[in-house]
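User: Please take a close look at one helix in this assembly and at what surrounds it. I would like the chain contacts covered as well.

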Amino acid sequence: MLGIGSKFLKENSALSISSTFHKWGSPRWFYQFSARLMPWLAGLSLLLLVGGAVWGLAFVPPDYKQGNSFRIIYIHVPASAVAMGAYMTMAIAGAIHLIWRMKLAAMVMKAIAPIGASLTFLALLTGAVWGKPTWGTWWVWDARITSVLILFFLYLGIIALHQAFENRDAAAKACAVLAIVGAVNIPIIYWSVEWWYSLHQPASISFTGQSTIHPTMLRPLMATLSGMYLFFGWLLLLFVRVEILDRERNTRWVQDLICGESR
Amino acid sequence: MYFESISDLLRMSGHGPYVWFCYGVSALVLSILVGVARSRRKQAEQQIRAIVRRKKASTSSTSQH
Amino acid sequence: MSMRRQAGVVLANTGLEVKQLYSDRDDRVLFADLCFQLRAGELVQIAGPNGSGKTSLLRILAGLSSRYAGEVLWQGKSLLKHRHEYLQELLYIGHGAGIKAVLSPLENLRWSCALRGLNNNDDQILSALAKVGLSGFEEQACHSLSAGQQRRVNLARLFCIPASLWILDEPFTAIDQRGVTEIERWLSEFVSEGGAVLLTTHHRLSFAQDFKVVTLGEVAHV
Amino acid sequence: MSESGLAHLVVAVLRRDVMASLRRGSEWSNPLVFFVMVCALFPLGIGPQPDRLAELAPGILWVVALLASLLATDSLFRGDFDDATLEQMLLSHQSLYPQVLAKTLAHWLMTGLPLSILSPVLGVLLQLPATGMLALMVSLLLGTTVLSFIGAIGAALTVGLRKGGLLLSLIVLPLYIPVLIFGSSAVKSAVAGGEYFPQLAMLGVFYLVAIALSPLAICGALRISVDQ
């Protein structure tokens, strides 16, 4: 038992032993499993994203108040929703990494940070561009936009912390702690910002008017929203797979895989 | 289609530049992410090939001695 | 030091056991398949050149580092699961200062003792300071002491904190020749009382009893 | 661990940290000097008109107090990390939680407390109406404690890194936002003659949650930082 354990570890040049998530925690298994999943994810997400965007851009009637600028919703809302969900996923992956010492969770966490930050950036940018024709200004300190801005800061903090560590294991653990602390704080932050905004409510129209949206406008949104979730999943797999190759580069299976391809 | 012509679709009664800019930037950012993942993968593959090459070179040189 | 002897009886069975320990740093293997045992009444010296992983090994065994694979057992039980009991028996002195420079030796040791649940034991602290040759310096701020004296303040913990296992990283640093002989005598006394010592040093140990040497840096680099 | 043992431990850690900080002096005086200096910059930047300053004073005082507390936080564990006394804390068989709690409280006693006590003086300099003074002090007393505990998480995460300072602010500042919102709002309400108890109550909730939960994260972060 002991002999097998140490041999296994040396082969993987691994420092931590994953126990509970034996199969799911095995990078090799995950790499092979995700390879089958990838084409489906890519195809379906592109279909939904492009289809939903075309539908929303060309076929849906404009909003009676905002006019055509509301069509930005089909990219703005999916980006902000997925960015938020990505942060929570990152925190959950961090918790799994800390509790069960699962290496794969650390890789997922590391991979999410840049994707989530990019999506948050998109949400901010599209929100600002949406504001200009609709309310006549690029930036409003609206509760929702401010919250997205803070989410962006949280992502930047995680990325900066990860880069500051030289040691990969310590970086993953530190980021896991920070992600969990951030996830605990996010509801408090959002609620505080909401409260703060209600105190200073300006006379202009609020950004949070989406409940009045017509059902015909909602259907393309459902398409792009689910498309964005799937696309996020696909991107995440892309990044995690690279991370697996990089971390396991001294193992036999990775070397066979890469050099077998080239032959 | 809701719009009467392609140029109508592009103009969107004045909101066109804003809307198309948003979609353009989003497509750009998402494809940059995919590109980054791809280039990292190539880099990782190259490093692994280099490791294998070094390993082969060292085993063949020791067997010759 | 009755507590120590009492602990020594408990230690009598297996002590500290290292099984197939593996650790690496930045893809460089420090040690692999490292196995040794440290029983009560034994001293083990970890030897090896700079960068061979001596300090890393001691930090793993002290429970400060988790960057390893393999097993470390204390009294036959895994260190990870019985950390609390293990820490009650362990006294680790790393190569850092271990003292706050703005505080006096007495204040430093009061704090160190409080961390181990020992309170109002000034008499014991004072006698420990006397033993390491710091009588008269008890109330002076540590930054006004010499490097060797500061090291002695840190080593005074050996005499006011009861433990059955000492892990010492380069205990002789900055200590003069006479002091080195003194420390060797303390180690010898501790071992003959049933304590266990694990230490690294570049100094040639002259030690009354037999002792084991575990040499690192002899594994092939990957 | 018995209750008296726990109390002894907390008192010993508190006493040691307060004593060390008092002897060094700069540790508690520098944040204060920073607080005063930056507050003095605002009239120079905005202009000396009393009514305009009075309007901005709650926000300015709170933001500057927050920054002063943030700057002080970096040194919270750094000294102990550098002289390896942090290892002793981790290797104590007694729980790390009360030690960290005591350390952070000691840090607040040396930074947040003097800052809060001094704040009315700066309030006067920034033309804050007298009705806001009590709210300013109480909100800072509660708020800086929360800031110390949140900041301690960041300090523990970055203590092993050479370039800690700026990174610490990046990771901690977003987490400070709720405290800032409710703190400055309490002062503003008080100045406007309104009710400010709800905001203080909210800060009180943050206070309790921060004291109860953040030491868990700090302990984990310290173990990670030492294990590198």
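Analyst: The account below starts with one helix and then turns to the core and the chain contacts. The model is a predicted one.

The helix is H5 of chain A, residues 143-164. Its 22 residues should span 32 Å at 1.5 Å a residue, the expected span being 1.5 Å times one less than the number of residues. The end C-alpha atoms of H5(A) are 32 Å apart, so the two values agree.

Buried residues of H5(A) include Ala143(A), Ile145(A), Ser147(A), Val148(A), Ile150(A) and Leu151(A). Also buried are Leu154(A), Tyr155(A), Gly157(A), Ile158(A), Leu161(A) and Ala164(A). Within chain A, the buried residues of H5(A) pack against helices H3 (73-100), H4 (103-135) and H6 (168-199). They also pack against H8 (133-158) and H9 (164-191) of chain D.

As for the core, the largest nonpolar one has 224 residues, and Met109(A) and Leu61(D) touch the most other members. Leaving aside residues up to four places away in sequence, Leu61(D) touches Cys39(D), Ser119(D), Leu122(D), Gly123(D), Leu126(D), Leu128(D) and Leu136(D).

Among the chains, four pairs touch, and the pair A and B has the most contacts. That contact takes 34 residues from chain A and 28 residues from chain B. On the chain B side, helix H2 (residues 16-64) gives the largest share, 21 residues. The residues of this side are 20 nonpolar, four polar and four charged.

Chains B and C have no contact, and their closest C-alpha atoms lie 10 Å apart. Chains B and D do not touch either, with nearest C-alpha atoms 24 Å apart.

Conventions:
Residues numbered from 1 in each chain as written. Chains lettered and ligands numbered in written order. Predicted model: local features only at pLDDT ≥ 70, side-chain atom pairs only at ≥ 80, totals over all residues. Contact = placed C-beta atoms within 7 Å. Helix = DSSP H or I, 4+ residues; strand = E, 2+ residues; numbered from the N terminus. Nonpolar A, V, L, I, M, F, W, Y, C, P; charged D, E, K, R; others polar. Core = buried A, V, L, I, M, F, W, Y, C linked by C-beta atoms within 7 Å. Buried ≥ 20, exposed ≤ 12 C-beta atoms within 10 Å, placed from the backbone.
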